[in-house]
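Take a walk through the model shown here. Begin at a loop, then move on to the whole chain and its core.

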Amino acid sequence: MDNINVIIKPLVTEKSTHQQQTRNAYAFQVHADANKHQIKDAVEKLYEVKVKDVRTMTRKGKPRRSRNKMATTSDWKRAIVRAG
């Protein structure tokens, strides 16, 4: 998997903005099959920073109502990257 396909998009939320200012940590939505080493390499090459550590979590999809039945959105993976 190449670096462009590992990181899907940066996440801009209140919590991630606060972590950027206090911990120098940035949040990304990443490919579900990407591991921590691939995420670290992708961030270092795309953003030209030195990465200290990477934390990942798989977020479960939310239940949504679609007409008469319940469905869920797809699961996705989130990575918190600390730059150093």
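R67 sits in the loop between β4 (63-66) and β5 (69-72). Helices (H or I, at least four residues) and strands (E, at least two) are DSSP runs, numbered from the N terminus. The phi of R67 is near 55°, a positive value in a residue other than glycine. R67 is exposed, at 80% relative accessibility. The terms have fixed cut-offs: buried means under 20% relative accessible area, exposed over 50%, and partly exposed in between (1.4 Å probe, protein chains only).

This is a predicted model, in which local features need pLDDT of at least 70, side-chain atom pairs count only at pLDDT 80 or more, and totals for chains, interfaces and linings use all residues. Residues are numbered from 1 along each chain as its sequence is written, and side-chain values use heavy atoms, with hydrogens and water left out.

A second loop has a similar entry. E48 lies between α3 and β3. E48 is not a glycine, yet its phi is positive, about 55°. With a relative accessible area of 72%, E48 is exposed.

Now step back to the chain. It has 3 helices and 6 strands. From the N terminus on, their order is α-β-α-β-α-β-β-β-β. Along the principal axes, the C-alpha atoms fill a box of roughly 50 × 30 × 15 Å. Of the 84 residues, 26% are buried.

How do the contacts spread along the sequence? Contact means heavy atoms within 4.5 Å. Among contacts with a separation of 6 or more, 55% join residues 24 or more positions apart.

The surface comes next. The chain exposes about 6,200 Å², and carbon and sulfur atoms supply 47% of that area. Accessible areas come from the Shrake-Rupley method with a 1.4 Å probe; for residues, only the protein chains shown count as cover. The chain carries 19 positive and 8 negative charges, and their mean positions are 10 Å apart. Lys and Arg count as positive, Asp and Glu as negative; His and the chain ends are not counted. Each charge is placed at NZ of Lys, CZ of Arg, CG of Asp or CD of Glu.

Turn inward. The largest nonpolar core has 12 residues: V6, I7, F28, V30, A34, I39, A42, V43, V51, V54, A79 and V81. Four elements give two or more residues to this core: β2 (25-30), α3 (36-47), β3 (51-59) and β6 (76-83). The largest share, 3 residues, comes from α3. A nonpolar core is a set of buried Ala, Val, Leu, Ile, Met, Phe, Trp, Tyr and Cys residues joined through side-chain atoms within 4.5 Å.

Follow one core member, V6. Beyond residues up to four places away in sequence, V6 touches M1, Q29, V30, H31, A34, Q38, I39 and A42.

Two of these partners deserve a stop. M1 lies in the segment before α1 (3-6). M1 is partly exposed, with a relative accessible area of 48%. Leaving aside neighbours within four places in sequence, M1 is in contact with V6, H31, D33, A34 and Q38. M1 and A34 are 33 residues apart in sequence, but their C-alpha atoms are 8.0 Å apart.

Q29 is the other partner. It lies in strand β2. Its relative accessible area is 17%, so Q29 is buried. Not counting residues up to four places away, Q29 touches V6, I7, I8, K9, L11, W76 and K77.

P10 is in strand β1 (residues 7-10). P10 counts as partly exposed because its relative accessibility is 46%. Outside its neighbours within four places in sequence, P10 contacts A27, F28 and Y47. The C-alpha atoms of P10 and A79 are separated by 9.4 Å, with their positions 69 residues apart along the chain.

Where does A83 sit? A83 is found in strand β6. A83 is buried, at 14% relative accessibility. Setting aside neighbours within four places in sequence, A83 is in contact with N24, Y26, K50, V51 and K52. A83 and K50 are 33 residues apart in sequence and 5.7 Å apart in space, C-alpha to C-alpha.

K50 leads to the last feature. K50 is exposed, with a relative accessible area of 54%. Side chains of opposite charge can pair when their charged atoms come close. K50 and E44 meet through their side chains in a salt bridge (4.0 Å, N to O). A salt bridge is a side-chain nitrogen of Lys or Arg within 4 Å of a carboxyl oxygen of Asp or Glu. By this rule, the count is 1 salt bridge.
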